Amino acid sequence: MSPSDTAVNPRRQLFRDLFGVGDPEAPHQAPWHRVPEVSAGDGDVLWSGWASSSEVFVVGDEGMVLHFDGTPAQDDSLWHRMETPIRLPLHAIWGLDRSSLYAVGWMGTILHFDGDQWRLQRGGIIDERTERFASCEENTPLFDITGDETGRAWAVGDDGIILTLEGETWLREDSGTTINLRGITRTPNGQLYAVGGEGTVLSSAGDGTWQQLDCPFGCGFMTVLALGDDELLLAGGRYFIDQNGFRGELVRYHAGRFENVKVDKPMPRLRSLKTYKDGVLMVGDQGHLYYLKGSRLDQLQSNNRHDLMDIVPLPTGEALAVGDFGTIMTAAADFTLALAPVVDPNAEQAIDWEVMDSGTRHQLWGLWASPDGTLYACGEAGTVLRCKNPIENDVWETLPAPSELSVHCLWDAGQGGLYAGGQMGQIFRFDGDKWDKHYDLHLDITILAMWGTGPNSIYAVGDEGLILHWDGLGWQRMTSGTKSALYNIWGMDDEHILAVGDFGLILRWNGENWAEFHAGTENFLYDVWGDSLSNIFIIGLSGTLGHFDGTRWMLTPARARDDLLAIDGSSDVGPYVVGTSGNILRFEAGQWQPEASGITTGLRAVQVTSQGDVYAAGDRGVILKRK
C-alpha cells in the first residue's frame, strides 16, 4: 500500500456517515474495543472519568487516578498513575477544567486537584484509638458528583447523604431520606435530581431543600440522566432470587410521570447513562453496552464480560467506558483518535489558500524550492514544472520531460544541479536546458524521495527498502535492512537522517548504519520533517501525527479525517501538513490547527520556502499558494 492508493481504508471510515444504514461504524452497531496499555491491573476497578480536549483522568480503586495526555510514562505507557494522598476507592469525578477537579469515594473521600497535585478535602477520618476508620458522618461513602457552570458542586452517597460545595467548604443538605443514593444529575435549567435504592428519586432547585418524587417503581437506581428540563432517564436494577442475579430496569420520567421503558430481552443491572451521538449510551454488568435512540435499543458488541461502571464523554462526541479488571473501552479503533477533535477541511471558515494556474491536469507528487525562490513541481508522465518568481509572477512553465515515466521527487543540489527521481529506479539531472540520465537501477522500483546536504551528498529512498547515496562520484546502494517501502527522507546533516515507511517504520542513519527508531505506531508513515534534533514531526495514515522532543516520540491526537501525505516547514513559519480531501494543518502555539484549502482534491506535497511562503500541490495538477 502506498500514498497513491486511493482505496478507502476501513479506519478512514471511522467518522464518516455515522448513521448510514449500512455503516458498520454507526453508533447503533459499531463494535467497542479495549484501549491498550492501560496501567491498571486485572484486580483494579475503574469507576469513572473526566476528559477535556487534550487529556483524560480515570479514577478507581486504591485511590487510583490514571492520567492520559499523550505523553509516554517511563514504561512507555501512555497512561500513568498520579500520586494521591489516599488508597481508598474513588467512585466519581467532576470539574469545570483541569485546575479544579473533584473526586469522591469510599469513607467520604473528597479529593481536589488544582492542576498540580491531589489533596484530601474531606473524609477518611481515622480513629486514633483503634487506628481504624472512624464511625462518623464524615466517613459516609460517596458515589456520584455533579456541578454547575459557577463551580458549585453536589455529591451523594450512603444513608441519603447529599453534600454541597460552598466556596471551599462541603456542607450537608437535608435529603429527607436515609436510603442510599447512587446518582445525581442537573438539568439545563438548574434543577437537581438524585436517585438511589428502592425507587428513590429526589429533586431540588439548588436551594438546599429536597423533596421526594412519587416513583411507582422499586428499582435500585444507579444512575440518572437529564434529557431536558422536564425529562429524565433512570436506570439500575433489582435482585431476583429465582434468576440468581440482578435484572436491569430503565425508567423514563417526563412531565411529572414515571413510565417503564420496555425492552425485548432482559438486561443486566445498568450502571451509567450518557448522551452519545444523538442518542443515549448505557453500560452495565457483564460487559453489556446499549445504544438507545428514540424507541430503538441496540446491544453493542463489546467482546468483554467485565462489569462496566461508567461512561466518560469526550469533547469529540466519542466516549470511553470504564469498569472492572482495569477496563477502558471505546468505539474508536484508535483511542488517540477518539480523544482529538475532528479536523473538518470543509468547515465554514475563511479560505486561507488560493489556486495557481499550473497548466497541467497531471497528478503532482513533489514540490521543491531553490534558495533563490524558484519553485519546481513534478508528477505523472514526466511532468516537471517551474515557477521562477511565484510571488510577483505566478506563471508555471513546463520543462522538458526527463522521460515518459512519473517523476516523484526533485532535489536542487545547487550549482546547476536539479535532480529528479521516479519510476524504474531512474534519476535524471537537469543542466538548465536538458535532462541527462544520471543513474539507472534497472529494476522496477520507484524512487519516492530525495534529500541531501550538498552537491556531493544526496540520498534517495523508495520501494522495497531502497536507499541510495550520491557521494559526488557515483550512486551507491546502502543496506537498509528492510524490504518495506520508504516514502520520505529528512535529515540535519550526514550523521543524522531519518527515513519513514510502511507500518510505522522509521530508520535512523548515524553516519555508519541504518537502524530502526520506533515511534509507537503501526500506521504507514508518509513524511518526516524537523528544524532540530529535538523538534521532529512524522505524519501518515489516518491522520497520524507524531513528535520527537529529543528524548522520546509522542503521538499527537489530531484526528484528521483522511491520510496526511506531506510535511514541510521552517523555524520561523513552523510546519505545515497536507493530505487527502484537501486537508491542510499548521502547527501553531503547540497545537495543530486546520486551514481551509477551499478544495477537496488530494494534496501530496507541501513546500515552505526560505522566504516563508507556503505552497501545496496534488491531484489533477492542483497547486495552491497560501494567501
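Strands are DSSP runs of E of at least two residues, numbered from the N terminus. In the predicted model, the protein chain contains one helix and 58 strands by this criterion. Of its 627 residues, 58% are buried. Among contacts between residues at least 6 apart in sequence, 44% join residues at least 24 apart.

The search for enclosed space covered the whole structure and returned three cavities of 30 Å³ or more. The second largest cavity has a volume of about 50 Å³. Its lining draws on two strands that give two or more residues each, β37 (418-422) and β38 (426-430). Strand β37 provides the largest share, three residues. The complete lining consists of P402, S403, L405, S406, V407, A420, G421, G422, Q423, Q426 and F428. By class, five of these residues are nonpolar and six are polar, and no charged residue takes part.

Open space was examined as well. The second largest pocket holds about 970 Å³. It is lined by 37 residues, of which D144, I145, I184, K274 and D310 lie closest to the pocket centre. Several strands supply at least two lining residues each, namely β2 (46-51), β6, β12 (142-147), β16 (181-186), β20 (220-228), β24 (270-276) and β28 (308-313). The lining of this pocket comprises 19 nonpolar, twelve polar and six charged residues. Charged residues are thus present in the lining of the second largest pocket, whereas the lining of the second largest cavity has none.

Strand β6, one of the contributors to the pocket lining, also belongs to a sheet of four strands. This sheet is open, with the order β6-β7-β8-β9 and antiparallel pairing. The edge positions are taken by β6 (90-95) and β9 (118-122); each has a single partner strand, so one side of each is left without a neighbour in the sheet. From one strand to the next, the twist averages 25 degrees. At the β9 edge, the partner is β8 (residues 110-113), and the two strands pair in the antiparallel sense over four bridges. Within this pairing, I110 stands opposite R122 of β9.

Key. Residues numbered from 1 in each chain as written. Predicted model: local features only at pLDDT ≥ 70, side-chain atom pairs only at ≥ 80, totals over all residues. Heavy atoms only, no water. Pairing = 2+ DSSP bridges. Axes fitted to C-alpha atoms, helices over the stretch in contact; angles between N-to-C directions. 1 Å grid on protein atoms, 1.4 Å probe; cavity = no way out; pocket = protein on both sides within 12 Å on 5 of 7 lines; lining within 4 Å. Points joined across faces, edges and corners; volume = space filled by probe spheres on them. Nonpolar A, V, L, I, M, F, W, Y, C, P; charged D, E, K, R; others polar. Buried < 20%, exposed > 50% of the residue type's maximum accessible area, 1.4 Å probe, protein only. Contact = heavy atoms within 4.5 Å.
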